[in-house]
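Work through the exercises below with the sequence and the model open side by side. Each task is followed by a solution in steps.

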Amino acid sequence: MSNHATSPAKTDPAGTRSVPRRVVVVGGVAGGMSAATRLRRLDEEVEITVVERSGHVSYANCGLPYYVGGVIEEEDDLLLQTPERLFDRFRLGVEVDSEVVGIDPVAHTVTVRSTLDGRERVRTYDRLILSPGALPVRPPIPGFDRVRSLRTVEDAARLAADVAARPRSAVVIGGGFIGLETAENLAHAGVAVTVVEAADQILTPLDPELAVLVAAELIANGVAVETGVAVTEVTGDSVRLADGREIAADLVVGAIGVRPDTRLAEMAGLAIGPRGGIAVDSVGRTSDPHIYAVGDAVEKADAVEGGTSLVALANIANRQGRRAADHIAGLEVRATASLGTAIVKVFSRVVAMTGANEKRLRAAGRDYRCVRSHPMNHAGYYPGAEQMAIKLCFAAADGTILGAQAVGGSGVDKRIDVLATAMAAGIPAARLADLELAYAPPFSSAKDPVNMLGYMAENVLAGECDVVEPPEVEVLVAEGWTLLDVRTPSEHNAGAIAGSINAPLDTLRDDLAALGAGPFLVFCEVGQRGHTATSLLHELGIPARNLDGGWRTWVAYEAARRHDPARLVAGAAAAPGAKIG
Ligand SMILES: Cc1cc2nc3c(=O)[nH]c(=O)nc-3n(C[C@H](O)[C@H](O)[C@H](O)COP(=O)(O)OP(=O)(O)OC[C@H]3O[C@@H](n4cnc5c(N)ncnc54)[C@H](O)[C@@H]3O)c2cc1C
């Protein structure tokens, strides 16, 4: 029996049957295997059967792109467990090459079909846990049948074999996480890659001015990026685009996104939620109290917007698997909601995010504010400092953090994880200023980038800092505001907003008489000197506002607006005298 520290009550959560003796789990990877192993730790007596359609359980699907590119060299390194080891350690009955093809919710049975010989058998359950994951979206485009997907070890092996045949060119359809990881790995293997994304930007969980930085990184590494254009046909050696162009492609990979695999749930008559995932309650129960569902297949409570969302991430699947097991074992389970915290490496860039982006907040009609910053990951004087772009969005009324996103190098992961933790703990934006975070020059600055976001939010919420968002610039200039660049002349000459005049911060007091009465729309490199200049002008009674994130944000915003990430690739934007408007 259980040896759990909290001595779980061995009562039946459904209230209709005795304590479960037989549990069947469908899907033997993230959610399913977490549920099975957790349940074993809570209950030595229950009979647990895990049914898995593919030939492997507990495989590292997150590592698949790196196997395709040869970064992970051995297929075996992707296999975290074998059925034999799972039996030895956990006494799990693991049935691979076995697909659950039917559920009888009245008789409490599942029909399992061998994928090797087609033979069927029936398994009885007291509780059933569904963790079938998601299905790759495969649109009805002519020729799409020759497009590779990347979801299983078998998919990765096929793709790795394709790469071994030395294709010259590849098109990756879809600029999401998996598409970009695949593109990087194909490029790493020496293939000329084009990413085609139908949306206006890659990585749609980011706002455009951050996503464009990632597109620039792809371009800088030789990967072509086509956004705002759909693939209309896949031919033998190319893909055709909606604008009539044709791109050579010896290999085509589809990473358009995934949708919850609800086929079994629908067959069993379980409720499906408004977003098309299996509907579950806060403990993971479906509309049938004897059937639980977890992972990519289910709708999750959305931490920012309320309601539900579809988030396909490993952490959530693992957590939900564990919670379903807890509930089956009679433990109390806390309700949780998902932030969608995610991270991806794109060549030398680290891209991470949590909560909602500005696009979503705007679409939802939320009253929010955002601050943007470009801090170094650690003290600038310590060798190897890298700059990141980081954006924080929070509620205008009370500073509740609504989301954050960052693109940079090392240290991006830490900042987004701290912000995700702050969100989970309900710490408002201004209080980020008070967090005591570890500091020594090789790791951070005395004012960590997260603290800095807190200071900025504090200023905005207290009305001490009147910031202008990039889209407002054009409007203000048309209304007669003077663009005032408070950087040094050499910075100004290397590139500035068209029509701006230059008055460096350090001599601003002396230059004021020549500048006129304003109003001034102030900017500097990242927003910090601009803030000081704006405060000075305010003190002198001169109307002034500061451009949030400064020139760096402006350049990215313009590149995104013009769908032209190439202008951010080293040298393009910083050409001496360039006036980017
Ligand atoms: C290439 C790739 C990279 C990823 N990278 C990351 C990452 O870096 N970070 C991150 O957080 N997430 C990542 N993910 C997503 C993450 O892997 C998923 O969110 C997570 O695995 C979902 O767990 P799950 O248990 O719901 O489904 P899965 O882990 O997909 O497992 C579902 C299993 O169920 C089996 N199955 C389905 N139907 C049946 C049936 N009828 N009978 C028997 N078996 C069945 C399937 O064969 C499959 O093995 C990645 C996914 C992929 C594909």
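The exercises cover two sheets, a ligand site and an aromatic pair in this predicted model.

**Exercise 1. An antiparallel sheet**

Task: Determine the strand order of the sheet that holds strands 4, 5 and 6, and state which strands stand at its edges.

Solution:
- Step 1. The sheet is open, its 3 strands follow the order 4-5-6, and their pairing is antiparallel.
- Step 2. Strand 4 (98-104) and strand 6 (120-124) each have a single partner strand, so one side of each lacks a neighbour in the sheet.
- Step 3. On average, neighbouring strands here are turned by 30° against each other, direction ignored.

**Exercise 2. Register and hairpins**

Task: Follow strand 5 along its two pairings and find the residues that stand opposite V100, V110 and V112.

Solution:
- Step 1. Strand 4 and strand 5 run antiparallel and are joined by 6 bridges.
- Step 2. In this pairing, V100 faces V112 of strand 5.
- Step 3. The hairpin of strand 4 and strand 5 has 4 residues between the strands, and H108 takes a positive phi near 60° in that hairpin.
- Step 4. Strand 5 (residues 109-114) also pairs with strand 6, in the antiparallel sense, over 5 bridges.
- Step 5. Opposite V110 stands R123 of strand 6, and opposite V112 stands R121 of strand 6. V112 therefore has V100 opposite it in strand 4 and R121 opposite it in strand 6, strand 4 and strand 6 being the edge strands.
- Step 6. The hairpin of strand 5 and strand 6 has 5 residues between the strands; in it, G118 takes a positive phi near 80°.

**Exercise 3. The ligand site**

Task: Describe the shell around the ligand and the backbone atoms that approach the ligand's polar atoms.

Solution:
- Step 1. The ligand is surrounded by 29 residues, of which G31, E52, S131, D296 and A314 are the closest.
- Step 2. By class, this shell holds 16 nonpolar, 8 polar and 5 charged residues.
- Step 3. A polar backbone atom of G31 lies 2.8 Å from an oxygen atom of the ligand. For L313, a backbone N or O atom is 3.2 Å from a ligand oxygen atom.
- Step 4. A nitrogen atom of the ligand is 2.9 Å from a backbone N or O atom of V100, the residue that stands opposite V112 in the antiparallel sheet.
- Step 5. On its own the ligand has 990 Å² of accessible area, and the protein covers 91% of this.
- Step 6. Helix 1 (30-42), strand 4 and helix 8 (314-328) are the elements that give two or more residues to the shell.

**Exercise 4. A parallel sheet**

Task: Give the order, edges and twist of the sheet that contains strand 9 and strand 10.

Solution:
- Step 1. This open sheet has 4 strands in the order 11-10-9-15, paired in parallel.
- Step 2. Strand 11 (224-227) and strand 15 (251-254) are the edge strands, and each pairs on one side only.
- Step 3. From one strand to the next, the twist averages 15°.
- Step 4. Strand 9 (residues 169-173) and strand 10 (residues 192-197) pair over 5 bridges in the parallel sense. V171 stands opposite T194 of strand 10.

**Exercise 5. An aromatic pair**

Task: Where do W554 and Y557 lie, and how are their rings arranged?

Solution:
- Step 1. Both residues lie in helix 16 (residues 550-561), 3 residues apart, about one turn of the helix.
- Step 2. The ring centres of W554 and Y557 are 5.6 Å apart, with 40° between the planes, and the pair is tilted.
- Step 3. The angle lies between the limits of 30 and 60 degrees, so the pair counts neither as stacked nor as edge-to-face.

Definitions and conventions. Residues numbered from 1 in each chain as written. Predicted model: local features only at pLDDT ≥ 70, side-chain atom pairs only at ≥ 80, totals over all residues. Heavy atoms only, no water. Pairing = 2+ DSSP bridges. Axes fitted to C-alpha atoms, helices over the stretch in contact; angles between N-to-C directions. Near = heavy atom within 4 Å. Polar contact = N/O pair within 3.5 Å; in protein donor to acceptor, adjacent residues only side chain to side chain. Areas by Shrake-Rupley, 256 points an atom, 1.4 Å probe, with all protein chains shown as cover. Nonpolar A, V, L, I, M, F, W, Y, C, P; charged D, E, K, R; others polar. Phe/Tyr/Trp six-rings, centres within 6.5 Å; stacked < 30°, edge-to-face > 60°.
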